[in-house]
Amino acid sequence: MKSKILIIGACGQIGSELTFKLRQLYGHDQVIASDISYSNLDIVNSGIFEIVDAQNYASVKVCVEKYGIDTIYLMAAMLSATGEKFPMKAWDLNMQSLFHVLNLARAKFIKKVFWPSSIAVFGPTTPKEYTPQYTVMEPSTVYGITKQVGERWCEYYHNKYGVDVRSLRYPGIISWKTLPGGGTTDYAVEIYHKAITDGFYDCFLSEKTELPMMFMDDAIKATVDIMAASNDAIKIRSSYNLAAISFTPHEVAESIKTHLPDFRISYTPDYRQDIADSWPKSINDAYARQDWKWKHAFKLEDITKEMLLQLNKKYSAALKEFN
Ligand code: VAH
């Protein structure tokens, strides 16, 4: 029987691209997009869309029963930077939403769950180079704490109740279709937009801040692949380390300059520098590559080429419409 999928948080940076990809793979009407508001009209107007409050069990359950959902991708969360401004809101949103989806799976209303974790589960005491799957994890951000605790609950619901929940520790994700919101790695998206619109970017992280990063197409592929893998291939039910590349703001600026030689950057670190400094520089994702054959495709030069190409098109089209 064809899977019926609900994406919670479909208006967000990853959720929006996941919606289009899953509709392409599994059928347009097999995928229900949902969010707390109509914040992304491309998504709202692209297919079946529902307002779902991820913090309200009944709201999620009504949608599951209305469409006969069997799989939920829970993409709604408050990210690292915003989470430091609103700690209790971040805890409530990130944890309540996870419990509601896990409990729907435990009660057999749904069969399968995808839940995103993050490299933010690692903290200042974690080894920073090629960070292993199993190591010290003392996250120093609210967001990281919610992801670490969430991983524990995912593994518990799998072991105790047999829930088929799968998870990835996403690195910073770079995309051009939908702006990210509230993340520390968002500089790596903003810099491309500013390179096109202003020729200049004042970066909120210092130039040597190396962080694990990934192009959206790789992140979407990993998400689709882990969910399509056979049940017994998934040997880690907390969350898999996932990696592609690592780079610094200086390196991405130099990459942009190979296309836009006049591009200029300055560095004005803000409160997000402390968050970035608490995270690894690079990630060892050997288990994902071994268990379900993960491999990334996009290197930094590929990302820069694609980001500048697509954003050029996007801004030129917007300019044409305006004139
Ligand atoms: C953030 N983009 O910056 C997210 C991500 C690894 C970082 O989880 O909060």
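**Two domains, two pockets and two cores**

Let me start with one residue, Tyr130, which is exposed because its relative accessible area is 52% (buried is under 20%, exposed over 50% and partly exposed in between, with a 1.4 Å probe and protein chains only). This is a predicted model, in which local features need pLDDT of at least 70 and side-chain atom pairs count only at pLDDT 80 or more, while totals for chains, interfaces and linings use all residues. Residues are numbered from 1 along each chain as its sequence is written, and side-chain values use heavy atoms, with hydrogens and water left out.

Staying with Tyr130, its phi is near 50 degrees, a positive value in a residue other than glycine, and the residue sits in the loop between β5 and α6 (helices, H or I of at least four residues, and strands, E of at least two, are DSSP runs numbered from the N terminus). Lys293 can be placed beside it, since this residue is also not a glycine and has a positive phi of about 60 degrees. Its place is in the loop between α11 (286-291) and α12, and with a relative accessible area of 61% Lys293 is therefore exposed.

Now to the overall layout. The chain is divided into domain 1 (5-171) and domain 2 (173-213 + 244-322), with bounds from an automatic or database domain assignment. Taken over C-alpha atoms, the centres of domain 1 and domain 2 are separated by 23 Å, and 30 residues of domain 1 are in contact with 27 residues of domain 2, contact being heavy atoms within 4.5 Å.

Where does the largest pocket lie? Domain 1 and domain 2 both give residues to the lining of the largest pocket, so this pocket lies between them. Its volume is about 880 Å³. As for the term, a pocket is an open set of points on a 1 Å grid over the protein atoms alone where a 1.4 Å probe fits, with protein on both sides within 12 Å along at least five of seven lines, and lining residues have an atom within 4 Å of a point; a volume is the space filled by probe spheres set on the points.

The largest pocket is lined by 44 residues, of which Gln13, Met75, Ala77, Leu79 and Gly181 are the closest to its centre. Elements that each supply at least two residues of this lining include α1 (13-26), α4 (80-85), β5 (112-118), α6 (142-161) and β7 (172-174). By class, the lining divides into 21 nonpolar, 19 polar and four charged residues, where Pro counts as nonpolar and Gly as polar.

The second largest pocket holds about 210 Å³ of space, and it too lies between the domains, because domain 1 and domain 2 both give residues to its lining. Among the residues that line the second largest pocket are Glu17, Phe20, Lys21, Gln24, Trp176, Phe215, Asp217 and Glu306. The largest share of this lining, four residues, comes from α1, and the lining has five nonpolar, two polar and five charged residues.

Let me turn to the packing. The largest nonpolar core, a set of buried Ala, Val, Leu, Ile, Met, Phe, Trp, Tyr and Cys residues joined through side-chain atoms within 4.5 Å, has 38 residues, of which Ile174, Tyr187, Ile191, Tyr192, Phe247 and Met307 touch the most other members. Elements that each supply at least two residues include β8 (200-203), β9 (211-215), α9 (249-257) and α12 (300-322), but α7 gives the most to this core, with six residues. The core draws at least three residues from each of domain 1 and domain 2. Leaving aside neighbours within four places in sequence, Met307 is in contact with Ile174, Ser175, Trp176, Val189, Tyr192 and Phe215. A second, separate core of 36 residues includes Val44, Phe114, Met214 and Ala233.

I close with two residues, Ile226 and Asp202. Is Ile226 buried or exposed? Ile226, found in helix α8, has a relative accessible area of 0% and is therefore buried. With neighbours within four places in sequence set aside, the contacts of Ile226 include Phe114, Arg166, Leu168, Tyr240 and Trp292. Asp202 lies in strand β8 and, at 36% relative accessibility, counts as partly exposed. Apart from neighbours within four places in sequence, Asp202 is in contact with Ser266, Tyr267 and Thr268.
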